[in-house]
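Hi there,

Here is the structure I promised to send over. Have a look at it first, and then read on for what turned up in it.

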Amino acid sequence: MDKPLVAVSACLLGQKVRYDGKDKYSALISEELAKSCQLIAVCPEMEIGLGVPREKIQLTQVGSEIKVLKINAPAVDVSKPLIDFALQFIQQHALSGLVLQDKSPSCGLGNTSLFSVSGSQIGTGSGLFASTVMSRRPSLPVVLASQLQSRQDVSYFLQSLLKNQ
Ligand code: SF4
């Protein structure tokens, strides 16, 4: 049987794609999870052309909508490119699961800071890449990097992938 195809935030696999040119390498994901899964790296912010280094972006509540705006240039709205990329990505790849970096305005799931238009933190939410994928594939097994801290965590995630196949 083919190994399950799992998309992983590229910074977790050691790619230096964060806004500051750094990565968030996780050996548990890059080495342990990779023994049982076919991993595909994805950095939504690079895919929409933001480049490295880049200005920080943040989740912002604008009326009833959550948008992703540049912190120092809030007129620059990258929401639509992120959503369009997410839709294209799930169409192109028959994913069995998803591993996401915490707290990112693109990849985070539930624990990303949400700001008002005036810049005050008003809560937390999900990054637009993550929320778009999950809205289209709600049963897709997904885990945050903070939830994969031991071999046992990896094993639980693998079980959820197999159950879902
Ligand atoms: S969290 Fe997501 S968008 Fe941010 S650097 Fe990592 S892969 Fe790219």
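Let's start in the middle of the sheet, where Val6 stands opposite Gly97 in β5. Please keep in mind that this is a predicted model. Another pairing with β5 is that of Ala7, which sits opposite Leu98. Altogether, 3 bridges join β1 to β5, and the two strands run parallel. On to β8, which covers residues 142-144: this strand is also parallel to β5 and is joined to it by 3 bridges. Here Leu100 has Leu144 as its bridge partner.

Put together, this gives an open sheet of 4 strands with parallel pairing, in the order β2-β1-β5-β8. The edges are taken by β2 and β8, and each has a single partner strand, so one side of each lacks a neighbour in the sheet. On average, neighbouring strands are turned by 20° against each other, direction ignored.

Now for the helices. α4 lies across β2, β5 and β8, and runs at about 160° to β5. Helix α5 (residues 151-164) packs on the sheet as well, where it touches β1, β5 and β8, and its direction makes about 150° with that of β5.

What happens on the two faces of β5? Both are covered: Gly97 and Val99 are buried on one side, and Leu98 and Leu100 are buried on the other. As background, side chains in a regular strand alternate between the two faces of the sheet.

That leads to the nonpolar cores. The largest one has 18 residues, and Ala7, Phe89, Leu95, Leu98, Leu100, Phe129 and Val133 have the most contacts inside it. Two or more residues of this core come from each of β1 (5-9), β2 (38-42), α3 (79-92), β5 (97-100) and α4 (128-136). A second, separate core has 15 residues, among them Val6, Val143, Leu148 and Leu158. So you will find Ala7 in the largest core and Val6 in the second one.

If you want one residue to click on, try Leu95. Leaving aside residues up to four places away in sequence, Leu95 touches Leu5, Ala7, Ile40, Phe89, Ile90, Arg137 and Leu140. Two of these, Ala7 and Phe89, are also named among the residues with the most contacts in the largest core.

Happy to go through any of this with you.

Best wishes

Notes. Residues numbered from 1 in each chain as written. Predicted model: local features only at pLDDT ≥ 70, side-chain atom pairs only at ≥ 80, totals over all residues. Heavy atoms only, no water. Core = buried A, V, L, I, M, F, W, Y, C linked by side-chain atoms within 4.5 Å. Buried < 20%, exposed > 50% of the residue type's maximum accessible area, 1.4 Å probe, protein only. Contact = heavy atoms within 4.5 Å. Pairing = 2+ DSSP bridges. Axes fitted to C-alpha atoms, helices over the stretch in contact; angles between N-to-C directions.
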